[in-house]
Amino acid sequence: MGGDTDFAQLFARECGIMVPENELKWRILRPTQDSFSFAQADWLLNFASRYRMQLRGHTLVWHQQLPDWIRTQVNSSNARQILLNHVNTVVGHYAGKLQSWDVVNEVIEPADRRPDGLRSKPWLESIGPEYIDLAFQTAAQADPNVLLVWNENHLEGSDERALAKREVLIKLLREKLRRNIPIQAIGLQSHISGTSPSFNNPEFIRFLHTISDMGVKILITEMDVTEVDLPTNIDARDQAVAGVYSDYLSTVLREKSVIAVLTWGLSDRYTWLSSYLPRTDKTPVRPLPFDSNLNPTATYAAIARAFDQASVR
Ligand code: XIL
């Protein structure tokens, strides 16, 4: 962002909260087992605070974007110490400065076929399922005021996988809260398919209620709309994408415990979907509120309308 001043200006004008896309992940933060490299994330924090934006931390514990040394240097006798030292040092470095931390990310994986529904590698394999509790407890000690979030993907759909993930999440969350594990919010990543069915369905709304009833907040942490199967025609495609934003946001914002909405990027100029889910017709993807020329799209209007219609919280 440093080199693109138009984009940086747009960001400063439009956003109230920023999340570093990669800069707080181990791959960048931890070049070696003994070192921490905060420079890139610190630059973003300074930018955010200069423009009075809040900053979210993403993410302390994840199975992806790990440095290569993890594979060769981490084993069951040192994993716990390495993980907790990371959480303690990184949360401590930013203590008092962040709005929230994604303490764990994508830890549920029904496909791994464990009875508890948890992802089996790498942290569970070397530490045991208690690594999640330990990470939350260590983060809470290092910064008692930051909101601690359990961030997950694929909770939003109506497919089998989403149903299974929601069931596991509710069960584990209830059990962890009973033991006073300091989980204060659930992050719904919300990478949503452009051909999704309606979110305004009783099952999904009940899931949001159940989380709220436990006194836990909800954040929409990484929203974008994947549009692989949508028409090539730009107007038709934008209408479809904006329609999904509208349907999803109006549904989730009806729940008062949804306290933040973030998209995964601001402009189609910079979106992970260009490489992660490119269109088969090879035309550029358009999943975000500003197009690649930094002009607002129908999605921008849909988000603005959803915010206008939401009750104050
Ligand atoms: C993505 C980034 O956007 C990419 O730049 C990177 O190459 C891979 O990770 N869920 C997450 C995010 O929690 O961290 C991912 O970010 C997107 C999916």
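Let me start with helix H8, where, in this predicted model, the buried residues are Ala162, Lys165, Arg166, Val168, Leu169, Ile170, Leu172, Leu173 and Lys176. If you ask what these buried residues pack against, the partners are helix H7 (131-142), strand E4 (147-152), strand E5 (185-188) and helix H9 (202-213). The helix covers residues 160-178, which is 19 residues, and at 1.5 Å a residue it should therefore span 27 Å; its end C-alpha atoms are 28 Å apart, and that agrees with the expectation. After H8 comes Asn180, and the phi of Asn180 is positive, near 60°.

Let me stay with one residue of this helix for a moment. Leu177 lies in H8, and is Leu177 buried, exposed or partly exposed? Its relative accessible area is 22%, and because buried means under 20% and exposed means over 50%, Leu177 counts as partly exposed. Leaving aside residues up to four places away in sequence, Leu177 touches Ile183, Met214 and Val216. Looking back along the chain, Asp159 is 18 residues from Leu177, and the C-alpha atoms of the two are separated by 27 Å.

Now please turn to helix H7, one of the elements that the buried residues of H8 pack against. H7 has 12 residues, so at 1.5 Å a residue it should span 16 Å, and its end C-alpha atoms are indeed 16 Å apart. This helix is mostly covered, since 9 of its 12 residues are buried, and those are Tyr131, Ile132, Asp133, Leu134, Ala135, Phe136, Thr138, Ala139 and Ala142. They pack against strand E2 (54-61), helix H5 (79-93), strand E3 (100-105), helix H6 (123-127), E4 and H8.

From the helices we can go on to the nonpolar cores. The largest one has 91 residues, and the members that touch the most other members are Trp101, Trp123, Trp150, Leu169, Leu188 and Tyr248. Which helix gives the largest share of this core? That is helix H10 (residues 234-253), which contributes 8 residues. You may recognise Leu169 from the buried residues of H8. There is also a second, separate core of 9 residues, which includes Ile17, Val149, Ala185 and Leu262. As for Trp101, its contacts, not counting residues up to four places away in sequence, include Leu24, Gly57, His58, Val90, Tyr94, Val146 and Val149.

Next, the ligand. How many residues surround the ligand? There are 13, and the closest are Glu21, Lys25, His58, Glu222 and Trp264. In the side chain of Glu21, an N or O atom is 2.4 Å from an oxygen atom of the ligand. A polar side-chain atom of Asn22 lies 3.0 Å from a ligand oxygen atom, and for a polar side-chain atom of Gln65 the distance to an oxygen atom of the ligand is 3.0 Å. Taken alone, the ligand exposes 410 Å², and the protein buries 79% of that.

I will finish with Asp4, which lies in the segment before helix H1 (5-14). Its relative accessible area is 13%, and so Asp4 is buried, given that the cut-off is under 20%. Which residues does Asp4 touch, not counting those up to four places away in sequence? They are Arg269 and Tyr270, and with Tyr270 there is a polar contact of 2.4 Å between the two side chains.

Definitions and conventions:
Residues are numbered from 1 along each chain as its sequence is written. This is a predicted model: local features need pLDDT of at least 70, side-chain atom pairs count only at pLDDT 80 or more; totals for chains, interfaces and linings use all residues. Side-chain values use heavy atoms; hydrogens and water are left out. Helices (H or I, at least four residues) and strands (E, at least two) are DSSP runs, numbered from the N terminus. The expected span of a helix is 1.5 Å times one less than its number of residues. Buried means under 20% relative accessible area, exposed over 50%, partly exposed in between (1.4 Å probe, protein chains only). Contact means heavy atoms within 4.5 Å. A nonpolar core is a set of buried Ala, Val, Leu, Ile, Met, Phe, Trp, Tyr and Cys residues joined through side-chain atoms within 4.5 Å. A residue is near a molecule or strand if one of its heavy atoms lies within 4 Å of it. A polar contact is a pair of N or O atoms within 3.5 Å; within protein, one must be able to donate a hydrogen and the other to accept it, and residues adjacent in sequence count only if both atoms are side-chain atoms. Accessible areas come from the Shrake-Rupley method with a 1.4 Å probe; for residues, only the protein chains shown count as cover.
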